[in-house]
Amino acid sequence: MRTYDLALIGFGGVSRALAELISSDAERLTRQLGFSLRVVAITDLAFGSLVQPDGIDLAAVLAMPRGADFSALPGGSADPRNHDVIQDCPADIVVEATFTNPVDGQPAASHVRWALESGKHVTTTNKGPVALHARALTALAEERGLSFEFEGAVLSGTPILRFAQQMLPGLTTTSVEGILNGTSNYVLGRREAGATLEAAIREAQELGYAEADPTADIEGSDVRLKVAILAQQVLGVDVSLASIDTQGISGISDADIREASEQGLRWKLIGSATRTDDGGVTAAVRPVALGEEHPLAGIAGATNAVTFTTNLLGQVTVSGPGAGRVETAYALLSDIIAIDAATRTSERAAAAELVDLVGVTL
Ligand SMILES: NC(=O)c1ccc[n+]([C@@H]2O[C@H](COP(=O)([O-])OP(=O)(O)OC[C@H]3O[C@@H](n4cnc5c(N)ncnc54)[C@H](O)[C@@H]3O)[C@@H](O)[C@H]2O)c1
Ligand SMILES: N[C@@H](CCO)C(=O)O
């Protein structure tokens, strides 16, 4: 049975949910997937770093109290040592789940690059490196025969990027638009129910939906990153973040919410990217009051949805979880499954090449 060794860079809500899954559901996962998973390294600003080539006892590290660090454990240190751990630890796959930096994608983009340069596959839920550096990092991965996977960067574990890449063949997609942020959608729903903005944000933080700095969720910069990712990955066009006209939901007053509701409208934060005739894209993030008949009006809580407008099918809408620790840990798992599939395909191709070369069947 094949085992993939993982390094977890960032040990917050999403990584911990993945570690819990690996630790508590190992038998089912191995049976269903045909491989097993083992964590051999963890780094985090709060805990420091831990490298144990024979596998870390995940139940033990998950039970560590707040404020504790890894320095007392064999292979542990109070300092994250990201560069050395990523480069030197014996992992097959680096899982990058540190804070999203919406300005330059760092230091996560460097974490991804160090991993690829040292021969390790990467899965990340971090939107920064994907929105701002995907082309360079994907090219580096291809050059090294490695995978760079990032399904969780848009719509959490709902497989929207693979859906667009694999399930819409032969179609031309002219626009993508949708509700792309779980926190703001949750907050808008709670405000309709009478909660204050501040209380609704606190709830979203407790539920594990919000960014470390929830301003990114509320003021639209998280959606702006996702619009840039969708424009590149679905429409094939790079858009700069500066060119995406962005407005968040903090300006929506109680009176705006009440008046919309009286008219049968619901406020939603909509991100969109639309192809233009000259081969470019116009993109925007803005709150819109939608009529109840609109397909996105009924999308509630941390659920998100994306509508693809295509030439032959018209509009196709996919909805599912847009945030959440476990839901996003599933995105990492789905990336690991994709890495396994790519690894097996390239091993088969290499074996076939060898057979061709020596003229015998192995
Ligand atoms: N939570 C969600 O619903 C969700 C959904 C999709 C994508 N994401 C993305 O996934 C990533 C992780 O999300 P999360 O909810 O686990 O966040 P989190 O804030 O709970 O955890 C992030 C962890 O990374 C650590 N960290 C930050 N910078 C670091 C560094 N330079 N080196 C080492 N550790 C570092 C922090 O100490 C923290 O423990 C973020 O980029 C987020 O945008 C989250
Ligand atoms: N904070 C983000 C996480 C998913 O990217 C959200 O609420 O949608």
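Which residue does UniProt list for "active site" in this protein? The unreviewed UniProt entry lists Lys-226. The structure shown is a predicted model. The protein has 362 residues, of which buried residues make up 46%. The domain assignment gives domain 1 (2-155 + 325-352) and domain 2 (160-321), and ligand 1 lies between these domains, because both give residues to its shell.

**Overall architecture**

- The protein contains 13 helices and 13 strands.
- Its radius of gyration is 21 Å, which agrees with the value near 21 Å that a compact globule of 362 residues would have.
- Taken along the principal axes, the C-alpha atoms fill a box of roughly 70 × 55 × 35 Å.
- Among contacts in the protein with a separation of 6 or more, 70% are accounted for by residues 24 or more positions apart.

**The two annotated lysines**

- Lys-226, listed in the unreviewed UniProt entry for "active site", is placed in helix 11 (residues 221-233).
- Lys-226 counts as buried because 26 other C-beta atoms lie within 10 Å, where the threshold for a buried residue is 20 or more.
- Leaving aside neighbours within four places in sequence, Lys-226 is in contact with Lys-127, Val-154, Leu-180 and Gly-271.
- Lys-127 is covered by the annotation "binding site" in the unreviewed UniProt entry, and its place is in helix 6 (residues 127-143).
- Lys-127 is likewise buried, since it has 27 C-beta neighbours inside 10 Å.
- Again leaving aside neighbours within four places in sequence, the contacts of Lys-127 are Thr-100, Ala-153, Leu-225, Lys-226 and Ile-229.

**The surroundings of ligand 1**

- Ligand 1 is surrounded by 31 residues, and the closest are Gly-10, Gly-12, Val-14, Thr-125 and Ala-323.
- Helix 1 (13-24), strand 2 (35-44) and helix 13 (325-358) each supply at least two residues of this shell.
- Of the elements, helix 1 gives the most to the shell around ligand 1, with three residues.
- By class, the shell around ligand 1 divides into 12 nonpolar, 15 polar and four charged residues.
- Domain 1 and domain 2 both give residues to the shell, so ligand 1 lies between them.

**The surroundings of ligand 2**

- The residues around ligand 2 are Ser-156, Asn-181, Gly-182, Thr-183, Tyr-209, Ala-210, Glu-211, Asp-217, Asp-222, Gly-322 and Ala-323.
- The shell around ligand 2 has three nonpolar, five polar and three charged residues.
- Ala-323 is among the closest residues to ligand 1 and is also one of the residues surrounding ligand 2.

**How the domains meet**

- The C-alpha centres of domain 1 and domain 2 are 28 Å apart.
- Contact between the domains involves 14 residues of domain 1 and 20 residues of domain 2.
- On the side of domain 1 that touches domain 2, helix 6 and helix 13 are the elements that give two or more residues.
- Helix 6 gives the most to that side of domain 1, with four residues.
- The residues on the side of domain 1 that touches domain 2 comprise eight nonpolar, two polar and four charged.
- Helix 6 is also the place of Lys-127, and helix 13 supplies at least two residues of the shell around ligand 1.

**Backbone features to examine**

- Most residues other than glycine have a negative phi, and most peptide bonds are trans.
- A cis peptide bond, with omega about 0°, joins Gln-106 and Pro-107.
- Pro-107 is placed in the loop between strand 5 (93-96) and helix 5 (108-117).
- Leu-155 is not a glycine, although its phi is positive, at about 60°.
- The position of Leu-155 is in the loop between strand 7 (148-149) and helix 7 (160-166).
- Leu-155 is buried because 31 other C-beta atoms lie within 10 Å.
- Ser-156, also not a glycine, has a positive phi of about 50° and is found in the loop between strand 7 and helix 7.
- Ser-156 is buried as well, since 28 other C-beta atoms lie within 10 Å.
- In addition, Ser-156 is one of the residues surrounding ligand 2.

Methods
Residues numbered from 1 in each chain as written. Chains lettered and ligands numbered in written order. Predicted model: local features only at pLDDT ≥ 70, side-chain atom pairs only at ≥ 80, totals over all residues. UniProt positions renumbered as here; feature names shortened; annotations may be inferred. Buried ≥ 20, exposed ≤ 12 C-beta atoms within 10 Å, placed from the backbone. Contact = placed C-beta atoms within 7 Å. Rg over C-alpha atoms; globule rule 2.2 N^0.38 Å. Near = placed C-beta within 6 Å. Nonpolar A, V, L, I, M, F, W, Y, C, P; charged D, E, K, R; others polar. Domains from an automatic or database assignment.
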